[in-house]
Amino acid sequence: MEEQRTCPNLKCGSRLFHNKGISAKNGKPYENWKCAKCGFIEWVDLNPKTGKSTPLPTEIEVDMAKRVESKIDVVNKNVLDVKDQLEKLNQYLRGSGA
Ligand SMILES: [Zn+2]
């Protein structure tokens, strides 16, 4: 009998559907649990060494997510800097005005 799971989204709580197959993109097997109601999806990490499925996210993925977040912060700061520069340039252009 297949494992039954419900959506962790408290406002939803519908049944999750178990999907298994081979990716058409990279030819690798995939497995996930998906909620048809709210769109929640949990990917299962298919470890070829143990043949066991471990739930996501792994520690490495959490670490990567944190690093990506910190990079986004840097990009956001740069965008603000550019906006600031642009504002100064506009003020200068208006000041030197025609
Ligand atoms: Zn749901």
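Biologist: Let's start with a single residue: in which strand does isoleucine 22 lie?

Modeller: Happy to begin there, bearing in mind that this is a predicted model. Isoleucine 22 belongs to strand E1. Confidence in the protein chain is highest in that strand, at a mean of 93. So the element to remember, by the definition of a strand as a DSSP run, is the one holding isoleucine 22, namely E1.

Biologist: Is isoleucine 22 buried or exposed?

Modeller: Leaving out residues up to four places away in sequence, isoleucine 22 touches Gly27 and Pro29. A residue is exposed if 12 or fewer other C-beta atoms lie within 10 Å of its own. Because isoleucine 22 has 10 such neighbours, it counts as exposed.

Biologist: How many bridges join strand E1 to strand E2?

Modeller: Good one to check in the viewer. E1 covers residues 16–22 and E2 covers residues 29–35, and the two run antiparallel. Leucine 16, for instance, stands opposite cysteine 35 in E2. The number of bridges joining E1 to E2 is 7.

Biologist: Which residue takes a positive phi in the hairpin of E1 and E2?

Modeller: That hairpin has 6 residues between its strands. The phi in question is near 70 degrees, and it belongs to glycine 27. Isoleucine 22 touches this glycine too. The residue you want is glycine 27.

Biologist: Which residue in E3 stands opposite asparagine 32?

Modeller: E2 also pairs with strand E3, residues 41–46, in the antiparallel sense over 3 bridges. These two strands form a hairpin with 5 residues between them, where glycine 39 in the turn has a positive phi of about 90 degrees. Opposite asparagine 32 in E3 stands tryptophan 43.

Biologist: What span should helix H1 have, and how far apart are its end C-alpha atoms?

Modeller: The order of elements from the N terminus is β-β-β-β-α. H1 takes in residues 59–95, which is 37 residues. At 1.5 Å a residue, these should span 54 Å, and the end C-alpha atoms agree, being apart by 54 Å.

Biologist: What is the count of buried residues in H1?

Modeller: Of the 98 residues of the protein chain, 4% count as buried. H1 itself is hardly covered. Among its 37 residues, the count of buried ones is 0.

Biologist: Where is confidence lowest in the protein chain?

Modeller: The mean pLDDT of the protein chain is 85, with 84% of its residues at 70 or more. One strand, residues 53–55, has a mean of 60. Confidence is lowest there, in strand E4.

Definitions and conventions. Residues are numbered from 1 along each chain as its sequence is written. This is a predicted model: local features need pLDDT of at least 70, side-chain atom pairs count only at pLDDT 80 or more; totals for chains, interfaces and linings use all residues. Two strands pair if DSSP finds at least two bridges between them. Helices (H or I, at least four residues) and strands (E, at least two) are DSSP runs, numbered from the N terminus. A residue is buried if 20 or more other C-beta atoms lie within 10 Å of its own, exposed if 12 or fewer, and partly exposed in between; C-beta atoms are placed from the backbone. pLDDT is the predictor's confidence in each residue, from 0 to 100. Two residues are in contact if their C-beta atoms, placed from the backbone, lie within 7 Å. The expected span of a helix is 1.5 Å times one less than its number of residues.
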